[in-house]
Amino acid sequence: MKKILIVDDSALVRKQLKGLIEDLGGFEIDIARNGQEAVDKATSEDFAVITMDVNMPVMDGLTAVKKIMSKNPTPILMVSSLTSEDAPTTMQALSHGAVDYIAKPGTFNVGLAETGADLEEKIIQLSNMSKRKLQRSLRAQSQRARHVEHEPAPVRTPGGPITKVLLVGASTGGPGLIEDICTALPADTSYAVFVVQHMPEKFTKAFAERLARVSSLPVVEAEHHLEVSPGMIYIAKGGTHMHFAKKVSGKILLRLEDSKVDRFFKPSVDEMMLSALEVFNPKQTVAILLTGIGDDGADGMVALKSKGAYTIGESEATATVYGMPKVAYDKGGVTEQMDFPDIIRRVQSFK
């Protein structure tokens, strides 16, 4: 039977998470009350998944993630309050090897049912994650640590027609890959780059700020009615969909909107891709769909490819979770399927 370790200093949260995981069946559950207990247990026995609180006494979650990943790498799911205070720390935990995060029940208007639906899917997926994939992910994280942080590039004054477009979508396991893409893009690229990473509102702001410090291109979080330009990277804002609108003058604006279709994820990759199809030339559009649970982005990839866009799906060999790109591939929405290092090599040629 696979073992799950729940790490949290709150007895209530431990009880809630334990109940949700017990409902899945097939898992043996252990608990730790702080990061030090988690390190002690995780380095003396093997767990299929560890859920890790962010703020705890004795040792915090970030420090525990670093120690566990250096001693006995294990899929770690951060349990975050999704606040502006927790967002940077959770992002750091992801950069040190944690695979994903869930909302802590009872915080930021997140109820037990919402946490349960997210937790169930992620526990099942991560418990099946191979050690080989986790080790590969950690090697990539180590290489990523060499990305040099600098003052963010100045945001460019809107101007000039957008002739080339890059659309990127990702979910579980995606933040580090998107960082790699942003650092691989040439500083003189003429592409306008739009990214949807499944994240809540407070996290996308911290994510965009992190990317701005390592990318040679300006990176900003999407804003309503923001005019877009070539050579910039736009990160979809959590809690809303990133759409596009074309003015009579030909200028392209971002629109932050709700969907007419019920979407599990907000922002949604499908929403971005289908809206892009209405305003950009598909024959000058490249779409990349990376690792993630579910099928978001598959319909958008199919629609784009059918109109002449070049679509790339991440391969099963490198995807942390081969869900979103698999569905797109199975539906015929992928022009070419690639291992992630090959995707990076292709991106480096985008002038």
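**Exercise 1. Strand S6 and its partners**

Task: In this predicted model, find which way strand S6 and strand S12 run relative to each other, and how many bridges join them.

Solution. Start with the pairing itself: S6 and S12 (residues 285-289) run parallel, joined by five bridges. To place this on individual residues, take Leu 167, whose bridge partner in S12 is Ala 287.

Next, turn to strand S7 (residues 191-197), which pairs with S6 over seven bridges, again in the parallel sense. Here Val 165 has Ala 192 of S7 as its bridge partner. Following the chain from S6 to S7 takes you through H7, and this β-α-β crossover is right-handed.

Finally, check the surroundings of S6, which spans residues 164-170. Six of its seven residues are buried, leaving the strand mostly covered.

**Exercise 2. From Ala 276 to a ring cluster**

Task: Decide whether Ala 276 is buried or exposed, and find which residues it contacts beyond its neighbours within four places in sequence.

Solution. First locate the residue: Ala 276 belongs to helix H9 (residues 269-279). Its relative accessible area is 2%; the cut-off for buried is under 20%, so Ala 276 is buried.

Now look at contacts. With neighbours within four places in sequence set aside, Ala 276 touches Leu 167 and Phe 244. Leu 167 is the residue bridged to Ala 287 in S12. For a sense of scale, the C-alpha atom of Ala 276 is separated by 36 Å from that of Arg 132, which is 144 residues away along the chain.

Phe 244 leads to the aromatic side chains. The model holds seven aromatic pairs. In one of them, the ring centres of Phe 244 and Phe 280 are 5.2 Å apart with the planes at 70°, so this pair is edge-to-face. Phe 244 sits in strand S10 and Phe 280 in the loop between H9 and S12, so the rings tie together parts that are 36 residues apart in sequence.

Phe 244 is buried, at 5% relative accessibility, and Phe 280 is buried too, at 7%. To close the step, add the other members: ring pairs link Phe 194, Tyr 234, Phe 244 and Phe 280 into a cluster.

**Exercise 3. The five-stranded sheet**

Task: Work out in which order the strands of the open sheet of five strands lie, and which of them are edge strands.

Solution. Read the order across the sheet: S2-S1-S3-S4-S5, with parallel pairing. The edges are strand S2 (27-32) and strand S5 (100-103), each of which pairs on one side only. From one strand to the next, the twist averages 25°.

Then zoom in on one pairing. Strand S1 (residues 2-7) and strand S3 (residues 49-53) are parallel and share four bridges. Within this pair, Val 7 stands opposite Met 52 of S3.

Last, add the helices. Helix H3 (residues 61-71) lies across S3 and strand S4 (76-80), at about 150° to S3. Helix H4 (residues 86-95) lies across S4 and S5, at about 180° to S4.

**Exercise 4. Salt bridges between distant parts**

Task: Find how many salt bridges the model has, and find what secondary structure holds Arg 144 and Asp 180.

Solution. The count comes to 23 salt bridges. In one of them, the side chains of Arg 144 and Asp 180 meet at 2.7 Å, N to O. Arg 144 lies in helix H6 (residues 131-144) and Asp 180 in helix H7 (residues 174-184), so this pair ties together parts 36 residues apart in sequence. Both Arg 144 and Asp 180 are buried.

Now take Glu 201 and Lys 237, whose side chains form a salt bridge at 3.6 Å, N to O. Glu 201 is in helix H8 (residues 201-214), while Lys 237 is in the loop between strand S9 (233-235) and strand S10 (241-246), 36 residues apart. At 36% relative accessibility Glu 201 is partly exposed, and so is Lys 237 at 23%.

A further example is Asp 299 with Lys 331, at 2.8 Å, N to O. This pair links helix H10 (residues 298-306), home of Asp 299, with the loop between helix H11 (324-330) and strand S14 (336-338), where Lys 331 sits, 32 residues apart. Asp 299 is partly exposed at 38% relative accessibility, as is Lys 331 at 45%.

To finish, look for shared partners: Glu 149, Glu 179, Arg 210 and Arg 213 are joined by salt bridges into one network.

Terms used
Residues are numbered from 1 along each chain as its sequence is written. This is a predicted model: local features need pLDDT of at least 70, side-chain atom pairs count only at pLDDT 80 or more; totals for chains, interfaces and linings use all residues. Side-chain values use heavy atoms; hydrogens and water are left out. A salt bridge is a side-chain nitrogen of Lys or Arg within 4 Å of a carboxyl oxygen of Asp or Glu. Helices (H or I, at least four residues) and strands (E, at least two) are DSSP runs, numbered from the N terminus. Buried means under 20% relative accessible area, exposed over 50%, partly exposed in between (1.4 Å probe, protein chains only). Contact means heavy atoms within 4.5 Å. Two strands pair if DSSP finds at least two bridges between them. A crossover is right-handed if, with the strands pointing away from the viewer, the path from the first strand over the helix to the second runs clockwise. Axes are lines fitted to C-alpha atoms, for helices over the stretch in contact, and angles run from 0 to 180 degrees between N-to-C directions. Rings of Phe, Tyr and Trp (its six-membered ring) pair if their centres lie within 6.5 Å; planes under 30 degrees apart count as stacked, over 60 as edge-to-face and the rest as tilted.
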